[in-house]
Amino acid sequence: MSALRPSKGKPMQNTSRRWRNVARRLADAVPALLLAAMFLAFIVQVFMRYVLNHPVGWTVELCVIAWLWVVLWGQSVSAREEDEIRFDIIYGAVRPKVRRVFRILFSLFIVGIYAASLPDVLSYISFMKIEKTAYMKIPFSYVFSVFAIFTAVTILRYGWILIKELRGQGPEDDNPDLTHVARKDFSE
């Protein structure tokens, strides 16, 4: 119980920071566990097919479902904004005020598109409960539920970015130092 209470002299922020760190670790563990399951299923498939000469289909099904979850969960829940890879030649070449306008417009676009699609996403997932996967008999509503998570978290993420930009609290790197970017690939 004392682990939940902040120690004397420390603000309550330490407790909330600790909980955020635990939540971040748990969110990051999901893709790691799914990748481990994919690897094990792959090993089982190789063994069954080439050693026992008796291939099994559930391993391929598990790999496909796990990969779907890894990609969508990883992009929406685990990936941080600063970890994303972007093609930002134009973005990096304009003034900070124009970058802020870009972030506002892009956030509005993403929130609008995903918010408009969310009811249809939920409807489709609900409809797919009548179908099951071929080998493992998992309802497709469970398989595709990660898309609802992806959509909702993306709306929340870009909504938060929009709010921060409208408040003037955007990224601190509005004047990125591009001199550290290596041009090795272009000079060879």
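This report describes a predicted model of one protein chain, moving from its overall make-up to a few of its residues.

## The chain as a whole

The secondary structure of the protein chain comes to 6 helices and 0 strands, and the elements, read from the N terminus, follow the order α-α-α-α-α-α. The chain has 188 residues, and buried residues make up 26% of them.

Two further values describe how the chain is folded and what its surface is made of. Among the contacts with a separation of 6 or more, 69% are between residues that lie 24 or more positions apart. The accessible surface amounts to about 13800 Å², and carbon and sulfur atoms account for 67% of that surface.

## A nonpolar patch on the surface

On the surface there is a nonpolar patch formed by Phe39, Leu40, Phe42, Ile43, Val46, Phe47, Tyr50, Val51 and Leu52, which together have about 950 Å² of accessible area. One of these residues, phenylalanine 42, is found in helix α1, which covers residues 13-51. Phenylalanine 42 counts as partly exposed because its relative accessibility is 48%, a value that falls between the limits of 20% for buried and 50% for exposed residues.

## Salt bridges

Side chains of opposite charge can pair when their charged atoms come close. In this model the count comes to 3 salt bridges. One of them joins aspartate 28 and arginine 24, whose closest N and O atoms are 3.8 Å apart. Because aspartate 28 and arginine 24 are 4 residues apart in helix α1, about one helical turn separates them. Aspartate 28 is partly exposed, with a relative accessibility of 30%, and arginine 24 is also partly exposed, with a relative accessible area of 25%.

Another salt bridge is the one in which the side chains of arginine 100 and glutamate 165 meet, with a distance of 3.8 Å from N to O. This pair links distant parts of the chain, since arginine 100 belongs to helix α4 (residues 96-127) and glutamate 165 to helix α5 (residues 140-167), with their positions 65 residues apart in the sequence. Arginine 100 counts as partly exposed at 31% relative accessibility, whereas glutamate 165 is buried, with a relative accessible area of 2%.

Glutamate 165 also forms a salt bridge with arginine 103, and here the closest N and O atoms are 2.5 Å apart. Arginine 103 lies in helix α4 and glutamate 165 in helix α5, so this pair ties together parts that are 62 residues apart in sequence. Both arginine 103 and glutamate 165 are buried. Taken together, Arg100, Arg103 and Glu165 are linked in a network of salt bridges.

## A buried glutamate without a salt bridge

Which side chain of opposite charge is nearest to glutamate 61? It is that of lysine 137, which is 7.6 Å away, and glutamate 61 is buried yet has no salt bridge. The missing salt bridge follows from the cut-off, because a side-chain nitrogen of Lys or Arg has to be within 4 Å of a carboxyl oxygen of Asp or Glu.

Glutamate 61 has its place in helix α2, which covers residues 58-78, and its side chain reaches the backbone nitrogen of alanine 134 at 3.1 Å. When residues up to four places away in sequence are left out, glutamate 61 touches Thr133, Ala134, Tyr135, Met136 and Lys137.

## Threonine 133 and tryptophan 67

Threonine 133, one of the residues that glutamate 61 touches, is placed in the loop between α4 and α5. Threonine 133 counts as buried because its relative accessibility is 2%. Leaving aside residues up to four places away in sequence, threonine 133 touches Glu61, Ile65, Ile138, Phe140 and Val143.

Tryptophan 67 has its place in helix α2, and its relative accessibility of 47% makes it partly exposed. Tryptophan 67 touches Leu35 and Met38, again not counting residues up to four places away in sequence. Tryptophan 67 and proline 31 are 36 residues apart in sequence, while the distance between them in space is 8.8 Å, taken from C-alpha to C-alpha.

Key: Residues are numbered from 1 along each chain as its sequence is written. This is a predicted model: local features need pLDDT of at least 70, side-chain atom pairs count only at pLDDT 80 or more; totals for chains, interfaces and linings use all residues. Side-chain values use heavy atoms; hydrogens and water are left out. Helices (H or I, at least four residues) and strands (E, at least two) are DSSP runs, numbered from the N terminus. Buried means under 20% relative accessible area, exposed over 50%, partly exposed in between (1.4 Å probe, protein chains only). Lys and Arg count as positive and Asp and Glu as negative; His and the chain ends are not counted. A polar contact is a pair of N or O atoms within 3.5 Å; within protein, one must be able to donate a hydrogen and the other to accept it, and residues adjacent in sequence count only if both atoms are side-chain atoms. Contact means heavy atoms within 4.5 Å. Patches are made of residues with over 30% relative accessible area and no salt bridge: like charges are joined within 9 Å, nonpolar side chains (Val, Leu, Ile, Met, Phe, Trp, Tyr) within 5 Å. Accessible areas come from the Shrake-Rupley method with a 1.4 Å probe; for residues, only the protein chains shown count as cover.
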